[in-house]
Amino acid sequence: FARACTRAELDREVMAGLCRQLAHHHQDQTEELQAVLQWTIEDEQTKAVAQDELGTLSTNLASTYEELSMLYRISGSMRVTQGGGAFFENICRELLEVMHLQAAAALLYPREHSGSSEDELVCAGEQPLPKEQLTQIIRRYLAPRLAADMRTLVDNQFASNAAHLGPGVEKIRTIIAVPLTSGDKIKGVLLGVNKLTGEFDSNDLKLIGSISSQAAVFLENHHLYEDLQDLLMGMLHALTSSIDAKDPYTSGHSRRVALISRKLAELSGFDPHRAGRVYLAGLLHDVGKIGMPESVLLKAGRLTDAEYQKVKRHPEVGAGIISGIRQMEDVIPTILCHHERPDGQGYPKGLAGDQIPIEALIVGLSDSLDAMTSSRTYRAPMPLEAVVAEIRRCSGTQFDSQLVELLLSLDLAEFLEYLREATDADAESAQGVNR
Ligand SMILES: [Fe+2]
């Protein structure tokens with residue numbers, strides 16, 4: 001009787017009193033009441049178990065919802081055009097919040113054949129160790145373990161297990177690390193450091209596993225995108241070099257115009273993407289000269305009217321060539337208008353002032369700067385003072401006056417030296433390919 005009361009959490013005294021009263025009832029009444037009592041007890045027990053299960057279920061549901069919405073947010077931010085660093089910063093911030101961590105980090109290994117040998121460490125939260133030390137711990141201690149079984153690694157006694165790694169390691173109590181893989185290769189490591197409440201458990205393991213799968217897909221796509229970009233830029237450089245190669249004096253001209261244009265775009269406050277498009281437009285500005293006879297392009301003396309009319313068609317021819325490439329649509333107006341002038345005296349349409357896209361004014365000024373500072377068949381490069389004077393003289397007529405101010409705010413001697421070095425390096429690598 002006492003055990004039954006304890007199990008059902010009933011007061012023994014009260015129950016004993018109840019039973020004594022029941023003893024005054026008939027045998028059959030007592031049995032009925034006993035049965036009712038039994039059902040009530042069982043019912044209460046079932047309800048308590050169900051309550052427990054409901055509690056566990058809603059906790060699980062809440063954390064699953066949190067995980068799913070995080071994965072949804074992460075997949076929403078998977079834009080391959082953004083840098084890998086920005087994407088992984090976002091992932092680290094999400095990890096920090098959902099897993100309740102002191103810090104999260106991602107170490108991205110350098111790509112093969114990228115020319116870089118530097119790892120990139122992206123962090124969020126309060127870092128327990130300096131970046132270099134954390135990188136060393138991942139590279140020397142965690143990476144070999146992850147490479148051995150390609151699975152998530154959890155160490156809830158990290159401070160004692162890894163004490164031999166040097167001073168400061170005791171600041172990392174618990175760690176969870178997962179490899180970012182592509183095929184059988186590890187491309188990086190995702191890391192959670194110091195869980196704020198308790199230790200890492202199977203839920204954390206599952207969660208970081210799902211995130212790393214998404215992140216690895218992103219990394220793979222991002223690398224493919226970079227490869228495509230490199231291929232495209234390589235093709236465009238080859239195309240424009242073939243135009244420049246028609247005249248040994250204009251070697252590297254397109255690339256220098258592209259670099260000057262990008263600099264002016266940056267000085268104008270353009271974001272990196274828009275500045276990149278201006279670079280492309282600068283690279284391709286004279287692509288329309290591809291079909292022009294060398295007898296005209298290389299002519300040392302004055303062009304006849306007919307020849308000049310032919311040369312003046314190159315912006316339209318160039319725009320026509322580029323219109324065949326859908327991804328280049330936005331650079332067409334720049335190519336078309338790079339010989340237009342603010343005073344309306346340019347070609348092909350004689351547009352003036354605001355009618356000319358700012359990008360075209362940038363490329364136009366960059367084109368003239370490079371023409372004046374490079375050798376031509378008929379003259380040596382102009383001295384820098386003369387170049388500056390000429391640009392100032394044409395400010396507001398041939399060139400946009402605000403752009404002129406931005407250009408002349410640069411240390412031009414130093415900038416021209418940088419341009420020369422950049423195009424010399426291009427020429428060397430091109431010779432390397434030809435050898
Ligand atoms: Fe041109």
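Two strands pair if DSSP finds at least two bridges between them. With that in hand, I opened this predicted model and began with the sheet.

**Entry: the sheet**

I looked up strand E1 (residues 101–108) and found that E1 pairs with E2 in the antiparallel sense, over 6 bridges. I then picked out one bridge: Ala106 has Val122 in E2 as its partner.

Next I traced the whole sheet. It is open, with 5 strands in the order E2-E1-E5-E4-E3 and antiparallel pairing. Which strands are at the edges? They are E2 (120–125) and E3 (153–155), each of which pairs on one side only. I also noted the turn between neighbouring strands, which is 15° on average, direction ignored.

**Entry: helices across the sheet**

Two helices caught my eye here. Helix H5 (residues 131–149) lies across E1, E2, E3, E4 (175–182) and E5 (185–195), and runs at about 115° to E5. Helix H7 (residues 202–244) lies across E1, E3, E4 and E5, at about 35° to E4.

**Entry: helix H12**

I moved on to H12 (residues 314–322) and asked which of its residues are buried. They are His314, Pro315, Gly318, Ala319 and Ile322. Looking down the helix axis, I saw that these buried residues of H12 fall within an arc of 135°, so they line one face. As a reminder to myself, an α-helix has 3.6 residues a turn, so residues three or four places apart point the same way.

What do the buried residues of H12 pack against? I found helix H9 (272–284), helix H11 (305–311) and helix H13 (332–337).

**Entry: Pro272**

Since H9 had come up, I checked Pro272, which lies in that helix. Is Pro272 buried or exposed? Its relative accessible area is 71%, and the cut-off for exposed is over 50%, so Pro272 counts as exposed. I also looked at Arg262, 10 residues away along the chain: the C-alpha atoms of Arg262 and Pro272 are separated by 9.1 Å.

**Entry: the nonpolar cores**

Last, I went looking for the cores. In soluble globular proteins, nonpolar side chains tend to be buried together. The largest nonpolar core here has 49 residues, and those with the most contacts inside it are Ile322, Leu365, Ile391 and Leu407. I recognised Ile322 from the buried residues of H12.

I followed Leu365 further. Leaving aside neighbours within four places in sequence, Leu365 is in contact with Leu264, Ile391, Phe399, Leu403, Val404 and Leu407. There is also a second, separate core of 27 residues, and Leu71, Cys92, Val178 and Leu219 are among them.

Key:
Residues are numbered from 1 along each chain as its sequence is written. This is a predicted model: local features need pLDDT of at least 70, side-chain atom pairs count only at pLDDT 80 or more; totals for chains, interfaces and linings use all residues. Side-chain values use heavy atoms; hydrogens and water are left out. Buried means under 20% relative accessible area, exposed over 50%, partly exposed in between (1.4 Å probe, protein chains only). Helices (H or I, at least four residues) and strands (E, at least two) are DSSP runs, numbered from the N terminus. The arc is that of the directions from the helix axis to the C-beta atoms. Contact means heavy atoms within 4.5 Å. Axes are lines fitted to C-alpha atoms, for helices over the stretch in contact, and angles run from 0 to 180 degrees between N-to-C directions. A nonpolar core is a set of buried Ala, Val, Leu, Ile, Met, Phe, Trp, Tyr and Cys residues joined through side-chain atoms within 4.5 Å.
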